[in-house]
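User: Please take me through this model by question and answer. I would like each reply to end on the value or name requested.

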Amino acid sequence: MNSSKPPVLAGIGIFSNTTCRTEKKISVFFSVIFMTVGILSNTLAIGILMKAYQRFRQKSKASFLLFASGLVITDLLGHLIAGTIAVFVYISDKDWIRFNQSNVLCSIFGICLVFFGLCPLFLGSVMAVERCIGVTKPIFHSTKMTSKHVKMMLTVVCLFAIFIALLPIFRLRAYQIQASRTWCFYKTEHVEEWEDRFYLLLFSCLGLLALGISFLCNAVTGITLLRVKFKSQHRQGRSHHFEMIIQLLAIMCVSCICWSPFLVTMASIGINENHSQESCETILFALRMATWNQILDPWVYILLRKAVLKKLYKIARRCCGVHLINFHMWELSSIKNSLKVAAISDSQVTSKQMNQQPLSSTMQ
């Protein structure tokens, strides 16, 4: 008995001396504020989506509304579940030994952070792919991208994110309480075994891959819209192009700024093994930046719409005194505009071919 080791709590191990300096009152205050703002913004976005879905039951619009609904609902659940656990941990003075004897709460917390972290990134990349197909191949999108296919894609994305989150549990590798003792994640201290590195690198690589796909597809979409805008002489597509370009820029900026620090930090820990006390505070700061993505998602994807852009345009025109874009011919459906522009361009090409055939016959 005298030579026995002190008891070690599951998922905690021996608490490291490198603890982040976090004040209880300030941390609880910011956690409650972030959770409240996230719940309110995502709830407002869900209401807007439901109203839009009831108003515009169009085949081309249904895919975007379903993907956006899945994204917003995921963000809302993330704030409700993970935010509640975080506030409970702060209020309980981070005494994990008292309320986490069997490591159930830490496992749930870690699973939630991994799932609600990867799922919005996956949905954002899928939305970028869908938007790219809708702009570059509007006819294929209108005929093949049905609501059934969209629901299947949403299910596959969620199941894949759940599988990644449950993978350590399947392998009997418990989630670890981090040095700040405020959240649970993969093992980030004294990472020596290959499996611990694998989880960190898998999470960071999947997240960076999703960001890369989103960036690539949004870049292709933006270039396509700009080319159509400068080539087309029709007014009906110009306001639509302006709206889409603004949304694409906002989506790329918010996703990259919010998630890149955390993903790069996790990848660095998985490669370099060690991190000091300063990196502990860096991880906590990067995690808080990542949570801002769930707060800003509804404002970028849903609330940055025609009405907001028109008001911003009017304010900018009053300040600058320059007439930039005519918003009088704003179409309701974005994919519908793309279809019209594509149809007009196709009709022009066919008419030119028909005119060239008689000329060639007369020359013969």
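User: Which residues does UniProt list for "transmembrane region"?
Analyst: This is a predicted model, in which local features need pLDDT of at least 70 and side-chain atom pairs count only at pLDDT 80 or more, while totals for chains, interfaces and linings use all residues. Residues are numbered from 1 along each chain as its sequence is written, and side-chain values use heavy atoms, with hydrogens and water left out. UniProt positions follow the numbering used here, feature names are shortened, and annotations may be inferred rather than shown by experiment. The unreviewed UniProt entry lists residues 26–50, 62–90, 102–129, 150–170, 198–226 and 246–271.

User: How far apart are the end C-alpha atoms over residues 198–226?
Analyst: Helices (H or I, at least four residues) and strands (E, at least two) are DSSP runs, numbered from the N terminus. Over residues 150–170 the chain is 100% helix and 0% strand, with end C-alpha atoms 29 Å apart. Residues 198–226 are likewise 100% helix and 0% strand. Their end C-alpha atoms are separated by 41 Å.

User: What pattern does the protein chain follow along the sequence?
Analyst: The protein chain holds 11 helices and two strands. Read along the sequence, their order is α-α-α-α-α-α-β-β-α-α-α-α-α.

User: What percentage of the residues of the protein chain count as buried?
Analyst: Buried means under 20% relative accessible area, exposed over 50%, and partly exposed in between (1.4 Å probe, protein chains only). Of the 364 residues of the protein chain, the share that counts as buried is 47%.

User: Is Glu195, the salt-bridge partner of Arg171, buried or exposed?
Analyst: A salt bridge is a side-chain nitrogen of Lys or Arg within 4 Å of a carboxyl oxygen of Asp or Glu. In the bridge between Arg171 and Glu195, the closest N and O atoms are 3.0 Å apart. This pair links distant parts of the chain, 24 residues apart, with Arg171 in the loop between α6 (147–170) and β1 (176–177) and Glu195 in helix α7 (residues 194–231). Arg171 is partly exposed at 49% relative accessible area, whereas Glu195, because its relative accessible area is 8%, is buried.

User: Which residues are joined into one network by salt bridges that share partners?
Analyst: Glu193 and Arg173 meet in a salt bridge (2.9 Å, N to O). They link distant parts of the chain, 20 residues apart: Glu193 is in the loop between β2 (184–185) and α7, and Arg173 in the loop between α6 and β1. Glu193 counts as partly exposed at 43% relative accessibility, as does Arg173 at 21%. Through shared partners, salt bridges join into one network Arg171, Arg173, Glu193, Glu195 and Asp196.

User: Why does Arg98, the salt-bridge partner of Asp95, count as exposed?
Analyst: The side chains of Asp95 and Arg98 meet in a salt bridge at 3.5 Å, N to O. Asp95 counts as partly exposed, because its relative accessibility is 29%. Arg98 counts as exposed because its relative accessibility is 53%.

User: What is the area of the nonpolar surface patch made by Phe29, Phe30, Ile33 and Val37?
Analyst: Patches are made of residues with over 30% relative accessible area and no salt bridge, joining like charges within 9 Å and nonpolar side chains (Val, Leu, Ile, Met, Phe, Trp, Tyr) within 5 Å. One member of this patch, Phe29, lies in helix α1 (residues 24–55). By the Shrake-Rupley method with a 1.4 Å probe, the patch made by Phe29, Phe30, Ile33 and Val37 has an area of about 360 Å².
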